[in-house]
Amino acid sequence: MLGGSLKNNVDLMLMGVLRHGPAHGYAIIAALRERSDGEFDLAEGTIYPALHRLERAGLIESSLESAQGRRRRTYALTARGRKEFTSQRRAWHSYVANMQAVIA
Amino acid sequence: MSESPIEDYLDELLRRTRADARTTRRLLDEASDHLHATAAELHSGGMSRQEAEAEAVRRFGPVTPIVRATFRRSFLALVFETLRAALFLAGCGLVAVGISGLLALVMNLWAGRSFVGGETVFPGPAASVQETADDAVVLRVIAGLVGLLLLLGYLAWRRHTSSPPLLPAGLVDALGAAAFAAGTAGLAITSADQAAQTGTPGVGFPLSGALVALPATVYFCIRAARALLPSRTSPYQSVRVTVTQRSTVRDRRCCTRLPIVRRPPHSATVIAESGARPGPRRRLVRPRYARSVPRIRLLSR
């Protein structure tokens, strides 16, 4: 999983965004773009199947909320998701440190 | 350029998505919301409405990867549901064989063993007749017990599944009806042929099967008709149900308080107390009708 393409790390990135609080799909994409300084410019539609997959795995949960006359599905990290995120982030940091040590 | 690129995109997404109804509906809902939000933002930034929609669609990305990502899960769900349906049909078939064994036992006692075991390949007429007549009972009853185990497995599996059905309504029942109808016809013809060739000896062997296959055919026909023919009542009639369990409506005790769906398909409306959440459908409604309930909505908290 680690070190793969951007696509392979979508789950970790989505959990990373949701760690700061619940958000709907549009806001998640905006946050991804903003925090990566526009580097991670995913095809926006691809995050929805990923969000659904994470929800089925019990790592995030969703609820419908009304805002400005529209009903939007908002996603939030579950306790299990938080744990999983911490574990995956640790693994990622370790991978990056090892890689830097090799190529430095 | 199309008049509404977003509408065109959503049409294509709907056409190409091969997922269950809930996944498809949810995906379209979210895609529509996302695309319109993007288009509105771009439009307010100075783009024409049409250009903004086209740009929103471009950013959303091609339909194919989205459809593929959705299909992987749905295909697996379809495989599981097909296996579950096969388990159900195999269980029903074996139970029918078991019942025919009991019927053969009654025939043995009532009409003598030659009625069931009249024709055999074993040497020695008396021994062979007895052997065939006994086997018709014992082996079939064993098959029936295996069928019961399969049905129990099927029920347990279904109980722990909350995903919406993927197979078309009535398909499994129609398959069951067709299989039992073929069995009834084949066994009835064999019985008639046997009667024409040897008289009564040996007729009970296929006849016991035909007599069980016939009511099974009728049962599956009724089930298929209920699922396939339109109900006289409105298909989306809401039934108000009060769930009194305070913390969760997943509690199985709620089932006793749900005198709800009489005939499919209905939607059920759950009025839950504070803090309650809509749980898996099968835990809420009687399993027999669970497949027919499109959704349960939480009306008030």
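A residue is called buried if 20 or more other C-beta atoms lie within 10 Å of its own, exposed if 12 or fewer do, and partly exposed in between, with C-beta atoms placed from the backbone. The structure is a predicted model, in which local features need pLDDT of at least 70 and side-chain atom pairs count only at pLDDT 80 or more, while totals for chains, interfaces and linings use all residues. Residues are numbered from 1 along each chain as its sequence is written, and chains are lettered from A and ligands numbered from 1 in the order in which they are written.

**View 1. Helix H1 (residues 5-16) of chain B and its two sides.** B:Asp11 and B:Arg15 of H1(B) are exposed. On the other side, B:Pro5, B:Ile6, B:Tyr9, B:Leu10 and B:Leu13 are buried. These buried residues cover an arc of only 135 degrees around the axis, which puts them on the same side of H1(B); the arc is that of the directions from the helix axis to the C-beta atoms. An α-helix has 3.6 residues a turn, so residues three or four places apart point the same way. The end C-alpha atoms of H1(B) are 16 Å apart, in agreement with the 16 Å expected for 12 residues, the expected span being 1.5 Å times one less than the number of residues.

**View 2. The fold of chain B.** Chain B contains 10 helices and three strands, where helices (H or I, at least four residues) and strands (E, at least two) are DSSP runs numbered from the N terminus. Their order along the sequence is α-α-α-α-α-α-α-α-β-β-α-α-β. Of its 301 residues, 34% count as buried.

**View 3. The contact between chains A and B.** Chain B contributes 15 residues and chain A 13 residues; two residues are in contact if their C-beta atoms, placed from the backbone, lie within 7 Å. On the side of chain B that touches chain A, helices H2 (21-44), H3 (49-60) and H4 (63-111) of chain B each supply at least two residues. H2(B) gives the most, with seven residues.

**View 4. Packing of helix H2 (residues 25-35) against helix H3 (residues 47-56) in chain A.** The two helices pack at an angle of about 110 degrees, with their axes 11 Å apart; axes are lines fitted to C-alpha atoms, for helices over the stretch in contact, and angles run from 0 to 180 degrees between N-to-C directions. That makes H2(A) roughly perpendicular to H3(A), a term for angles of 65 to 115 degrees. A:Gly25, A:Ile28 and A:Ile29 in H2(A) meet A:Ile47, A:Tyr48 and A:Leu51 in H3(A).

Note on methods
Angles under 35 degrees count as roughly parallel, over 145 as roughly antiparallel, 65 to 115 as roughly perpendicular and the rest as oblique.
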